[in-house]
Structures are given as C-alpha cells and as structure tokens.
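Work through the exercises below on charged side-chain pairs. Keep the sequence and the model open beside them.

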Amino acid sequence: MRAAVAVLCVFLGCCTNVVFLELLVKDDPGSGNLITFSQFLFISIEGFLFTSKCGTVKPNIGIKDYFILVTMFFVANVCNNYAFDFNIPMPLHMIYGSLIANMIMGIIILNRKYMFSKYLSVFMITTGIALCTIVSGKEIKSLQQKNVQIATTPWDDFFWWALGILLLTIALFVSARMGIYQEELHNRYGKNAREALYYTHLLPLPFFLTLAPNIYDHWNFALASEPLRLPVIGVHMPSLIVYLIGNVLTQYMCISSVFVLTTECSSLTVTLVITLRKFLSLLFSIVYFKNPFTIYHWIGTLLVFIGTIIFTEVIPKIIQNLPKAKKVE
C-alpha cells in the first residue's frame with residue numbers, strides 16, 4: 001500500500017514538476033543551478049524542522065555514507081542542469097535511458113542475473129522511449145532553427161550536442177550507481193527514507209557556494225521577469241518566481257515519494273517507475289504544447305506499454321491467480 005501511494009505521488013508530483021521546469025527553462029535556459037539550489041534549500045529546511053527536530057535527532061545512517069551518496073547526488077544534478085546549455089532538447093533530457101544503465105550497474109557491481117523477460121522489457125521500453133525522443137527532438141530542433149537567426153555550422157552544433165550527451169551520460173551512470181548504493185544502505189541500516197531525503201539535500205548545500213555568482217545572476221533575472229497575477233489571492237508576482245515556487249513544491253512531492261519507493265522496491269524497479277514517469281511527462285508535454293503526435297510516437301508508446309507489462313509480470317500473475325479465484329467461488 002505504501003509503495004502504491006508513493007508511485008502515485010511520483011507520477012503526480014514529477015509530471016507537474018516538468019511543466020514548471022519547462023516554463024522556467026523556456027524563459028531562462030541557464031537557470032538550472034538556481035532551480036536545484038532552491039529545491040535543496042527548501043527540502044533541507046523542511047527536514048531540519050520535521051525530520052531532525054531542529055538537530056535533536058541523530059541520524060541512523062553514518063555521515064560518511066551520506067557524504068558518498070551526496071557526492072553522487074550533487075554530481076548527477078549539476079551534470080543534468082548544465083546539459084540544458086548544450087543544445088539538449090527537453091524531451092531528450094527528460095527520458096535519457098536510465099533503465100539500461102541501472103541494469104548494467106546491477107550486473108557489474110551486484111553480480112545480478114536477470115530473467116530474459118527483464119532484458120526484453122528493458123530493451124522494448126528503452127527503444128520505445130528513444131523513438132519518441134528522437135522524433136520529438138527533431139521537431140523541436142527544426143522549430144529552434146526557424147526562430148534562431150544566428151548562423152552556426154554543423155560541426156558547432158554536433159560538438160555542443162555531443163558535450164551535452166556526455167554530461168547526460170555521466171549523470172545517467174552516477175544516478176544508477178547512487179540507486180544501487182541507496183539499496184545497499186537500506187539493507188544495512190533499515191528503512192530511513194525521510195532521513196535520507198533530508199541529509200542528501202542538506203550536506204550538498206556548501207557545494208553551491210562555488211555556483212553562487214551563477215545562482216545570484218539568475219535570481220535577479222527571475223525577479224525582473226514579467227509580473228503574473230495569482231488567480232486566488234490577486235497578488236502580482238514575477239512570473240519566474242511563481243514558476244520556481246511551483247517547481248520546488250512539486251519537486252518535494254516527487255523526490256520524497258522516490259525516496260520512500262527506494263525503501264520498498266529494488267533500484268531497477270524504482271528506475272522503471274521514474275522512467276515511466278518521464279515518458280508520461282514527455283507525452284504530456286507533447287499534448288500541452290500541442291506538438292504533433294506521429295505514427296512513430298504511437299509505435300514508441302506501444303513498445304513502452306508492452307515492455308512495462310512484461311517487466312511487471314502482470315499477465316503471469318493473473319493466470320496464476322485464476323485457479324484460486326475459482327476455488328473461492
């Protein structure tokens with residue numbers, strides 16, 4: 001039951017979060033560090049007040065273990081944020097294939113062996129997502145080329161795109177390793193989802209000092225953005241500040257639910273949930289921003305749907321429970 005609620009909150013919080021992220025990045029593509037810092041600061045304050053009870057509750061997991069986790073968490077977030085500056089479209093950024101990375105890490109680090117159905121499902125899901133991403137990425141790139149008047153050479157485009165892909169790949173494998181490390185910590189210390197959420201956001205705060213000038217510049221840019229009237233209370237606020245607050249609150253719902261999920265499921269299953277959430281965010285983005293939904297999107301969606309059914313083994317479970325249902329009758 002707890003896992004089901006966490007999955008629901010992941011989809012609700014994270015999908016809503018993407019809308020605010022797109023609105024922010026659309027007006028200020030370099031605001032990633034400001035967004036991340038705001039998220040970390042809010043979750044740290046909430047955790048200090050309600051999880052550590054203003055520092056009176058000692059952590060169950062060692063600070064050294066948290067520092068390892070935090071370093072991976074910080075590197076992955078910074079790499080993801082900087083990727084926006086290197087010609088990486090939002091759809092590609094959202095769903096860059098973490099399932100395969102997690103499976104590779106599980107095989108290398110934990111010596112895990114998966115059933116053929118798991119490999120098949122991961123392949124189908126990754127292929128379906130990649131297909132939708134490539135099609136959406138081409139459409140976005142063509143629109144950008146129409147709107148941007150600055151001439152660039154194909155080599156320049158490829159170089160910056162390749163650098164962005166490199167950053168995404170680093171973030172991908174670091175995140176996969178972090179998921180496995182979280183699983184190891186839960187096996188060693190027990191379930192500490194709220195505590196892990198708090199310390200993984202508190203300890204990286206000093207790292208943001210190195211990014212202070214960038215954060216300050218984008219904060220001033222957000223303050224100078226066009227005013228937006230809030231519908232209920234009728235107050236006018238800078239539009240980017242409103243989007244930032246919405247992003248921070250929905251990110252809190254999203255990431256706190258993910259941390260609960262890590263205590264209830266394996267890292268591969270958690271990665272599957274996050275990947276499907278990102279895929280739904282992609283589809284929502286296509287509908288919300290009225291991008292065309294082609295036959296390739298339908299094929300990709302079908303692959304993801306079938307792959308998910310295979311991964312979760314829903315059909316074998318239903319068949320297995322059929323005789324039991326007859327006996328009850």
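**Exercise 1.** Place the salt bridge between Glu46 and Arg194.

Solution. Start with the distance: the closest N and O atoms of Glu46 and Arg194 are 2.8 Å apart. That fits the criterion (a side-chain nitrogen of Lys or Arg within 4 Å of a carboxyl oxygen of Asp or Glu). Next, the location. Glu46 sits in helix 2 (residues 32-50) and Arg194 in helix 8 (residues 193-202), so the pair ties together parts 148 residues apart in sequence. Helices are DSSP runs (H or I, at least four residues), numbered from the N terminus.

This is a predicted model: local features need pLDDT of at least 70, side-chain atom pairs count only at pLDDT 80 or more, and totals for chains, interfaces and linings use all residues. Residues are numbered from 1 along each chain as its sequence is written, and side-chain values use heavy atoms, leaving out hydrogens and water.

**Exercise 2.** Is Glu46 buried or exposed? Classify Arg194 too.

Solution. Apply the cut-offs: buried is under 20% relative accessible area, exposed over 50%, partly exposed in between (1.4 Å probe, protein chains only). Glu46 has 13%, so Glu46 is buried. Arg194 has 36% and is partly exposed.

**Exercise 3.** Which residues are linked with Glu264 in a network of salt bridges?

Solution. Take Arg2: its closest N–O distance to Glu264 is 3.3 Å. Glu264 lies in helix 10 (residues 239-264) and Arg2 in helix 1 (residues 2-27), so this pair joins parts 262 residues apart in sequence. Now take Lys191, which meets Glu264 at 3.4 Å, N to O. Arg2, Lys191 and Glu264 thus form the network.

Methods:
Helices (H or I, at least four residues) and strands (E, at least two) are DSSP runs, numbered from the N terminus.
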